[in-house]
Amino acid sequence: MNKTVLILLLVCLSVCGAQAQISWPDGKKAAIVLTYDDGLKSQRDIVMPQLEAKGFRGTFFLYGQVVKDSDIPEWREAARRGHELGNHSLFHPCLAGTVETSSSSLCRSLECYSVKDMLTEIGMMNSFLYAIDGKKEHAYAYPCGQSVAGGEDYSRPLLDSGLVKYCRGAAGRHVVEDAKTLNFALIPTLPALTGCKADDLIKYVQDALDKHGLGIIVFHGVGGDYLTVDAAEHQKLVDFLAAHSDEIWVGTFSDVLDYVAEQAKK
Ligand SMILES: [Zn+2]
């Protein structure tokens, strides 16, 4: 290979690489989405005030069985303030042995579901959420990150059904770097596990910055409930994001994914 061909090849490779990169709005270098699962009290009491103090909004994936009547006004008010409510199914079915089994006599394990059952349940939860936030469209997060019902992967049928536009899965913990190759039915996410430290999460944010990518973190309890991350560690992450707001877009799941979906069309 002569020198000119080699240079042309290198130029092409660098241009192709640049085209695949997501171009974020307002000169930002990365986007971070903070998501919170299972509709927990600590998310309303601790997370929302921490986020709102910095002007951020989060995405809260609720499942029907956990939402008490008395909580509904608070969730409705949170949605009114700009937080996103997402669909996490009605009964949170997971594969047998993943979580404590429900006290119900009905089988709530994913092995007992068909794809059709799962889609019906997600449709019902959409109606439930519509009654709370008045929104017709909701994003979805797979309970336990598992997308197999009755032995069949329901991620593609779910996206094709049009019930939801974007699904947060457990297909890896990596930063999303390329809009065109992103599978919107299984969007990767980093779980903030019990006792996880802000510094570990900040490393992931830094990785998103380095790659000009999208990072999505999922929390459960913060300063309470279960799978708990310390409130001070969550605050430290929020402070870091606020200190870098000139280069990081902190948005809700659907807002950021709407933007990425537009980029994928270009
Ligand atoms: Zn969950």
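**Exercise 1: the zinc site**

Work out what spacing the donors of the zinc ion follow along the chain, and which residues they are.

*Solution.* Start with the pattern: the donors are spaced as D-x49-H-x3-H. Keep in mind that you're working with a predicted model. Now put names to the letters: Asp-38 (OD), His-88 (NE2) and His-92 (NE2) coordinate the zinc ion, at 2.0 to 2.1 Å. Next, find two of them on the chain. Asp-38 sits in the loop between β1 (30–37) and α2 (41–53), while His-88 sits in the loop between β3 (84–87) and α4 (115–133), so this pair ties together parts that are 50 residues apart in sequence. Last step: Asp-38 and His-88 are both buried.

**Exercise 2: a salt bridge inside a helix**

Find out how far apart in helix α2 Lys-41 and Asp-45 are, and say whether Asp-45 is buried, exposed or partly exposed.

*Solution.* First check the contact itself: the side chains of Lys-41 and Asp-45 form a salt bridge, 2.8 Å from N to O. Then look at the positions. The two residues are four apart in helix α2, so about one helical turn separates them. Now for Asp-45: its relative accessibility is 37%, and buried would need under 20% while exposed would need over 50%. That makes Asp-45 partly exposed.

Try the same steps on Asp-160 and Arg-156, whose side chains meet in a salt bridge at 3.9 Å, N to O. These two are also four residues apart, this time in helix α5 (residues 155–161), so again about one helical turn lies between them. Asp-160 has a relative accessible area of 56% and is exposed, whereas Arg-156, with 42%, is partly exposed.

**Exercise 3: a salt bridge across the chain**

Say which parts of the chain are linked by the pair Asp-71 and Arg-44.

*Solution.* Begin with the bridge: the side chains of Asp-71 and Arg-44 meet at 3.3 Å, N to O. Asp-71 belongs to the loop between β2 (59–62) and α3 (72–80), and Arg-44 to helix α2, so the pair links distant parts of the chain, 27 residues apart. Both Asp-71 and Arg-44 are buried. To finish, count up: the model has 15 salt bridges.

**Exercise 4: two packed helices**

Decide whether α6 and α7 are roughly parallel or roughly antiparallel to each other.

*Solution.* Two packed helices are described by the angle between their axes and the distance between those axes. For helix α6 (residues 198–211) and helix α7 (residues 231–243), the angle is about 30 degrees and the axes are 8 Å apart. Angles under 35 degrees count as roughly parallel, so α6 and α7 are roughly parallel to each other. Who makes the contact? From α6, the residues include Leu-201, Ile-202 and Val-205, and from α7 they include Leu-237, Phe-240 and Leu-241. As for handedness, α6 passes α7 in a right-handed crossing.

**Exercise 5: one residue and its neighbours**

Say whether Val-47 is buried or exposed, and which residues it touches, leaving out those up to four places away in sequence.

*Solution.* Locate Val-47 first: you'll find this residue in helix α2. Its relative accessibility is 0%, so Val-47 counts as buried. Then list the contacts: Val-47 touches Tyr-36, Ser-42, Phe-60, Val-222 and His-234. Pick Tyr-36 and check the backbone: the C-alpha atoms of Val-47 and Tyr-36 are separated by 9.0 Å, with the residues 11 apart along the chain.

Conventions. Residues numbered from 1 in each chain as written. Predicted model: local features only at pLDDT ≥ 70, side-chain atom pairs only at ≥ 80, totals over all residues. Heavy atoms only, no water. Donors = N, O, S within 2.8 Å, 3.2 Å for Na, K, Ca; no water. Buried < 20%, exposed > 50% of the residue type's maximum accessible area, 1.4 Å probe, protein only. Salt bridge = Lys/Arg side-chain N within 4 Å of Asp/Glu carboxyl O. Axes fitted to C-alpha atoms, helices over the stretch in contact; angles between N-to-C directions. Parallel < 35°, antiparallel > 145°, perpendicular 65-115°, else oblique. Left-handed = near helix turned anticlockwise from the far one by under 90°. Contact = heavy atoms within 4.5 Å.
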